[in-house]
Amino acid sequence: MDQLKELSLLVQHGENVQAVSCAEKLLAQSCPMEDIVKALSDGLEVLRNKCTIENFQLLDVLLATRAMVEVVDECLARKLQNELDNLATTHEATQSAEPTRTLVIGTIQGDIHDLGKHIVATLCRFKNLRVINLGKDVSVEQFVDTAIAENADFIGVSSLMTVCLSRISEIKNELARRGRNEITVVAGGGAAQQSSPDRLNVDYVAHDAFDGLDYFLSDILPVKS
Amino acid sequence: MNSTERIQAVIGFGRVDRPPVAPELIAVTATICGAAVGDYVKDGAVIAQCQMEAARITGSDALFAAADLCVEAEALGCEAHFPRNNYPHIKSPIVHSYSDLKQLRLPDPTSDGRMPQILKAVRLLADDSDGRLVLGNAVGPITMASRIMDIEKMLYMIVDQPDKFREIIEFCEGVASRFVDAILEAGADGILIFDPSASPALLPPRIFREFELEPIRRILAGAKQKNPSVVTWYSVAGPVQTNTAIISAVGADVTTVDYPVPLQTAMEYSGHTVINGNIRPALFLEGTPSQVYDEAMTLLDQTRLSERFILGSGCEIPINSPARNIMALRRAANDHASQITQINEPAAGKVRATFHPHNRAIYVETGQTILEAAAMGGAPITTYCDLTGVCAECVVTVCNGKVSALDMIEEAQLGSLGEGGGRLACLAKIQGDVEIYVPFSSRRIPDKACAPAQLFDESTCADSHSSDFDPVFPPMREKARISAADHGSRLLHQDNLGAGAPCGGNLPCHGAMSRSSFAVAVDMSGENAVAYVHDIGSAEFRHAGSFLGPVAAVGLNSAEIDTRRALDPPISRKLREESTRLFNSIVNWLYESHSIMPERVRGLLVTGCPMADDTLRPPGESLPGEWAQITCGGIAEARMSDYPGLKVLMWPKPPHRFGGASRDAAFILATMPSPAAEPALFIHLGSSGSITAHYQGRYYTHRFPFGNLLERPIPGVSRGFFNFLIHEAQVDGRGVTSFKTFNGSAPLGLLGTAMVGAAAGMKRHGIIDDKGFVQGKWAPVVENRFVVVPKQKTAGYSPITIGWEDIDKLMIGTGACSRAVSDVLDAVHLSPEQVERVFVSGPFGVVADPADLIELGFIPDSWKGKIQFVKNAAGLGARKALFSSRARKRAVVIASSMAPLSQAPGARYGESK
C-alpha cells in the first residue's frame, strides 16, 4: 500500500517503532516533510473520529501521540536538527498563513493528575498551537502570571478531583482584576466535566482532548496577532 | 431489620423494608464532622469516629474503613505528601522500570505504612457499627501499580512489555490479597476494592480483560473462601458501559457504577451482581437536596421491581459536600418504600390486595386468586401450567390478611414452606384485605431487551393453551415439588416484614433460579442476525438480541451472497464458521446478559440460514460433520462447537429456501388462523426490497433494488452503536427536526426510517423541491445539505445532514417500489384500490407515520387505512414456528407455491420517479 497511508495507519495503531522506520524510509526516498506531517495528521483525525464515537480511549490516543512525537522527534527533527517548535514554524510556513495561538495549560492546584492534559498539550503542539505546559498542582497566580507574560490566547485548566474545582473559578476573577478579560479559560478533566461553564466560571468545558483541541482551533474565536 | 441484614437481603434476593442506601463516603465524613482530611487519613480512630458520626447523620447503611488510594503504595515504600484539607498523593514513583520490582517486599498489614490504621478502623467499626455493614477497603492491582509507577510509563509498559507488566500486576495482587485477609480477620463484614485505574476512560476493555479481570476475581474469591458470608464489592469509575465485563464478569456481590453509565444498561448486564450508584458525585457538592432527592427517586423507580440495587453515588462523594445533600438519599429511599400506587377506587364488597415490592394496591372481589388480583394490579406473577398448582412457580408470601385455607395440592407442593406464609398464588383465594410479597423468582420483570427492542414486536405469538401448541424444543422435565434448599432458607425465616436470611450471595440469578427453559428463534438472513428468546412453558417472549450476521461477517451483502458462493467455494466454509460462531455468541449472550445458563436453552430454530440452500453444492460433495443433515419434520440439524448438547435446527430443511418477502409473506399468512380471503399485499422494505401479492390462494413475488438506506451513521461508526441512531424524525415548517434515538442519547446517525420521516417532512414544507434539491434559505442548510442535527447535539461532534444524493436514493427506491407494486397487481389483475390489506415488513417498514411513505410515493394514497406494519416478519414467523407445527407446515407450503415474477432487478427500475 501507499507508504504514506501505511504511516498514517501505523500512527493510528500506536506502532511507534514501525512508524519511525516507515518515516525513515520515506525520507530516504526524498518524500517532502509536509507530506509526512500530513500523514501523521490524517492518522490523528481518524483516531479522533473513532474516539468521539466509541468513547475516548485514552490509551489508544496516548500511544498514537507517542508514535507521532517519535516520528517527529527522531526522524524529522533529526533531519532538520531542530526541535518540534521550529518544525512547527516550517510546517506553518508551508501552510496558508495562519497566526499561531498560544495556550497555557496545567492541572489545578491540589491535583496531580496530568495524563490527559499531557495528551492535550501534545495534540495542540502538533496542530501549531504554542503550548506552555505548567505541569501539575499549579496555582491560580501561576496560570495568570504566565498567560499574561506569554500573551496567551487561552488558559487550559484540568482537574480530576472535585475538591479542587472551586479554585478553577478564581482564574477568571484574577484575570478580570488584572484587566485581561480577553484571555479565554477552558476547563477539562473528569471533575470539570461533571460541572458546567457557569458553575466553574470558565468559558468552556471540554469533553475530551479532541473537543478541547477543536475549541482552541475554532474559527469563532478572535485570534490575536 | 438492620443495615447489614438489609444489604445481605438484597444480595440474596430476599425481601427488604426499604432500598439500602450506601453512598461512597470516605474523607467527606471528616469534613462533615469538622475534622481535617489530613488527620482523618492518618488515624484509624479518627476514621472510625467520622464514619460512624456521618452514617448517623446521613442514614447510610454502610461504614467505610477507608482512607485514600495511596495506602498500599506507601506501605511499599513510596513517600506521600499529606495536604491538610485534601487527599494525600504519592510524591514520586519507586518503580521506574521492571528491574525495580525485585526491590519490593510484600508489606505486612499489621506494621507497614498506614495499613495498621485501616485495620484499627475496621476493628473499631466492627465493635460499634450499630448494625451497619463494615466495609474494609483495598485498591485493585492496576490502581496500585499506577501509584508506584508513573502512570504514563505504566501504560507504555502494558503495550511494550506486557509480560513484565503482568509480573508487576501479580505482585500487586499478592499485596492486595494479604491486605484483604488482614481486613477480614479484623472483623470486616465486606471488602470494597476501589480500582479507578481500571476505568474504561483509561484502559481499553481488552487490557482490562487480559490483565486485571482474573486478579480481581481471585482476590474476591479468596475473600469468600475465608468467609462465605462476606460481602464483596467492586468500584470502578467512568463509563463502565463500554466495558461491561467490569459489571458482569467480575462477579462481585455489589458493583458501584458511575454516573455516565445509564442505569438500565447496568441492570441489563448485572447478572449476579447488585448495582450501587449512580448519582453524579459533583451534584452532592454543587447541587441542592431536592435535586439529589429527585434523581434518587428516578433511580429507585427504575429498580423497584428488579431490586438488585443499592442507592448511592457513582463514585466517592466529594470532600466538603454538605450533609443535607447526602441525607436526601435516605429520605428518598424511605419515601419510595412507603409510596403505594392505588390502581382503582374502593368499592362496596371489595377488598384491598397490596403487592410488594411493586407497592401496588388494587380492590378486588373476595374469592379471586392472588394470581388474578396480581395480574389486574400490575404485579404479574410467573406461571407455567394451567393454573392448577402443578408447576409451583407462583409461590408468594402472604404477609398479613386473610386467604383461603391451604388446599391439598398446595400442601404437597409447599411442604413446610406453607407455615412461613408461603402460598401458591394460582390456588390461594383472597378473603379480606391482604398484603402479598412476591419473591424475586416469582416476579415477572419486564423484558430486559438488549438490541433495539422497538424494532421488534414483543407480543407473544403463540397461545400455550391452544391445541396447536407443539413446541419444537420440549421443555425440561422438572420435579414439581420445591425443595427447601431452593426457597426454604429465604421463606422459612421470614418475620412479619419478610426479611430474607442472608445466603452469602451465592444464589444464582433469575434465569437460573426459575425452572424455565428457553427456546430461541434466530433469523440470520440479513446483515444483522436477530435472536428471539421465548420461555418454552408459556411461549412468552423474553428477550431479543441483535448480532452481526454471517453474511456481513464475511464481508458480503444478501444480494450478492448466492453468486459469490457459486463462484467462490471457500466462502461456504467461511459462512459455516461464522454461523457456528453466531450460535455460540447467542448462547454466551444469554448467559452474560440474562444469566440464563446454557443448559436451560433447549435449542435454536434458525431461519434464513445462508447454508440452507445446498443446490449450489457441487454434486457428490457431502456436508461436513458439523452440519449433518437429518430429516426431522422438515427441519435440518446443525451442531454447535461450544455446546454439543444444544440442538440447532435449520428451518426449512434444504433445499427449501425462504428468500426475502416470500418468506415474510409465508410467515404472516401462516400466522393467520385461516387463510385470508381478501387480497393482501406484502411489501418488504429491507436492504433489498421485495413485494408479494397474495390473492385467491396464489402468490406472486417480485424483487426490486432498494439500496442500502438502512443505516447512515457518521463515517467510522461501527455496528455496536445501533442504539445511538435516530429511528424516527420529523421536520416541521420551520425546518426544525425533532427526533428519537433508541436509547434517548445524543445521536450518531440516521436510520432509513428516520430518513423517510425527515424527507417526507422536507417535501411537505418545501425544503426540497420535486427533484430532491435542498431549498429553503431559512432552513438550516449548509453546503446544500439540510442539517438534521447540528454537530453540538450529536455524540460524535459531526453534524447529521441530508443531501441531494440521499433524496435521490430514496426516490430511486420509491420509483422501484411503485413500479414493482403495479407489476404485481397487474399479474393478479387487481387495481390498487381493490387491495384490502397491506403488510409492510422489514426494518425499513417501521416508519412512524404511513403518511410519510405515501408522501414520498412508496405506496398509493388509497392504502392509507389499510396498512399494517409487521416489522420483522421473518422474526415473527420464526418465533411462531417455535411453537406451532401447523405454522411450520403452512409456511413451507405457502413459500413453495410462490411464483416469482422476476428475480433480477431490471434496468428500468433505476429510473427516478
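User: Which elements of chain B do the buried residues of α15(B) pack against, and what makes that packing a matter of contact?

Analyst: In this predicted model, the buried residues of α15(B) pack against α2 (28-33), α4 (44-58), β8 (274-279), α13 (281-286), α14 (289-303) and β9 (309-313) of chain B, contact meaning heavy atoms within 4.5 Å. The buried residues in question (under 20% relative accessible area, as against exposed over 50% and partly exposed in between, with a 1.4 Å probe and protein chains only) are B:Ala323, B:Asn325, B:Ile326, B:Ala328, B:Leu329, B:Ala332, B:Ala333 and B:His336. Because the model is predicted, local features need pLDDT of at least 70 and side-chain atom pairs count only at pLDDT 80 or more, while totals for chains, interfaces and linings use all residues. Residues are numbered from 1 along each chain as its sequence is written, chains are lettered from A and ligands numbered from 1 in the order in which they are written, and side-chain values use heavy atoms, with hydrogens and water left out.

User: What makes residues 323-338 of chain B a helix, and what span is expected of it?

Analyst: Helices are DSSP runs of H or I with at least four residues, and strands are runs of E with at least two; α15 of chain B has 16 residues, so it meets the helix minimum. From its first C-alpha to its last it reaches 23 Å, close to the 22 Å expected at 1.5 Å a residue, where the expected span is 1.5 Å times one less than the number of residues.

User: Why are β10 and β12 of chain B called paired, and which way do they run?

Analyst: Two strands pair if DSSP finds at least two bridges between them; two bridges join β10 (residues 341-342) to β12 (residues 360-365), which run parallel, so the pair meets the cut-off. B:Thr341 stands opposite B:Arg360 in β12(B). Strand β11 (residues 350-356) is joined to β12(B) by six bridges and runs antiparallel to it, with B:Val351 bridged to B:Val364.

User: What lies between β11(B) and β12(B)?

Analyst: The two strands form a hairpin with three residues between them, and B:Asn359 in the turn has a positive phi of about 55°. B:Pro357 is found in the loop between them, and the peptide bond from B:His356 to B:Pro357 is cis, with omega near 5°. Another cis peptide bond joins B:Gly277 and B:Asn278, with omega about -20°, and B:Asn278 lies in strand β8 of chain B.

User: Is A:Ser30 buried or exposed, and which class does A:Asn128 fall into?

Analyst: A:Ser30, in the loop between α2 (16-28) and α3 (33-54) of chain A, has a relative accessible area of 60% and is therefore exposed. A:Asn128, in the loop between α6 (115-126) and β2 (130-133) of chain A, counts as buried because its relative accessibility is 18%. Phi is positive in each residue, near 60° for A:Ser30 and near 70° for A:Asn128.

User: Why is the largest nonpolar core said to lie between two domains?

Analyst: The largest nonpolar core (buried Ala, Val, Leu, Ile, Met, Phe, Trp, Tyr and Cys residues joined through side-chain atoms within 4.5 Å) has 206 residues, and those with the most contacts inside it are A:Leu7, A:Ile171, B:Leu155 and B:Tyr234. Domain 1 (3-87) and domain 2 (98-217) of chain A both give residues to this core, so it lies between them; the bounds come from an automatic or database domain assignment. A second, separate core of 45 residues includes B:Met755, B:Ala759, B:Val821 and B:Ile859.
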